[in-house]
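Me: I'm new to this one, so could you pick a single part and walk me through it closely? After that, show me how it sits in the rest.

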Amino acid sequence: MARRTTVTTDEPTEGPGSERAEGPTGERADEPVELTAAERSHLRRAVGLAAEALAAGDEPFGSVLVGADGRSLAEDRNRVHSLDDRTRHPEFALARWAVDHLSERERAAATVFTSGEHCPMCSAAHGWAGLGRIVYAHSTAQLTEWLAAWDAPASPVRPLAIEEVLPGVPVHGPVPDLTDELRELHRRFHQRRPRS
Ligand SMILES: [Zn+2]
């Protein structure tokens, strides 16, 4: 379960729901995460990158690194099949990019928008790189359920939520209206793969 903090929104649909009380731990029950129009745009770009990955024969995951000023700094997509390297996840690539190009302070103020919740490898890389907030569209728990329903091979890595690896980073997700779209991308990936 993702820990959620309230995100201010500039959308006109904002209602009293955003003021609903939080539990003692600050955790909110399954409420949609509210994002600003700019944040939605970054997340939508991550979904677009996931579609590009699928079109190239890779797994449908994409991520965008955004600086404190809201500008996109770097982006990447999954490349595990095209590079024949199972560690070529976009979140890991962005953590490496951030260490090479940003100061410690810039990294802490940056946000990673990603189509799918970070795996444990990427959560760890995000943490070691000292990056800030994470916004994801679908969760690892959702992906795990989908794979089981399609009889697809499970991940060899335990499907831990980001907070189980990286407790100190604000995390927002899932985002339901994008989740359905990503579920379809993953379904297409797994249903066209030859069974081994
Ligand atoms: Zn990963």
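Reply: Let's take helix H2, which covers residues 90-101. At 1.5 Å a residue, its 12 residues should span 16 Å, and the end C-alpha atoms are indeed 16 Å apart, so the expected and actual spans agree. Keep in mind that this is a predicted model.

Now for what H2 tucks away. Its buried residues are Pro90, Glu91, Phe92, Ala93, Leu94, Ala95 and Ala98. Across the 196 residues of the protein, 39% count as buried. As for who the neighbours are, the buried residues of H2 pack against strands E1, E2 and E3, and also against helix H3 (104-109) and helix H4 (120-129).

Those strands belong to an open sheet with mixed pairing, in which 5 strands line up as E2-E1-E3-E4-E5. Strand E2 (72-77) and strand E5 (171-172) each have a single partner strand, so they stand at the edges and one side of each has no neighbour in the sheet. E2 runs antiparallel to strand E1 (residues 62-66), with 5 bridges joining the two. One bridge pairs Ser63 with Asp76 in E2. Another helix, H7 (residues 176-192), packs on the sheet too, touching strand E3 (111-116) and strand E4 (134-138), and its direction makes about 60 degrees with that of E4.

Stepping back, the protein has 7 helices and 5 strands. From the N terminus on, they run α-β-β-α-α-β-α-β-α-α-β-α. Among contacts between residues at least 6 apart in sequence, 64% join residues at least 24 apart.

Key. Residues numbered from 1 in each chain as written. Predicted model: local features only at pLDDT ≥ 70, side-chain atom pairs only at ≥ 80, totals over all residues. Helix = DSSP H or I, 4+ residues; strand = E, 2+ residues; numbered from the N terminus. Buried ≥ 20, exposed ≤ 12 C-beta atoms within 10 Å, placed from the backbone. Contact = placed C-beta atoms within 7 Å. Pairing = 2+ DSSP bridges. Axes fitted to C-alpha atoms, helices over the stretch in contact; angles between N-to-C directions. Expected span 1.5 Å × (residues − 1).
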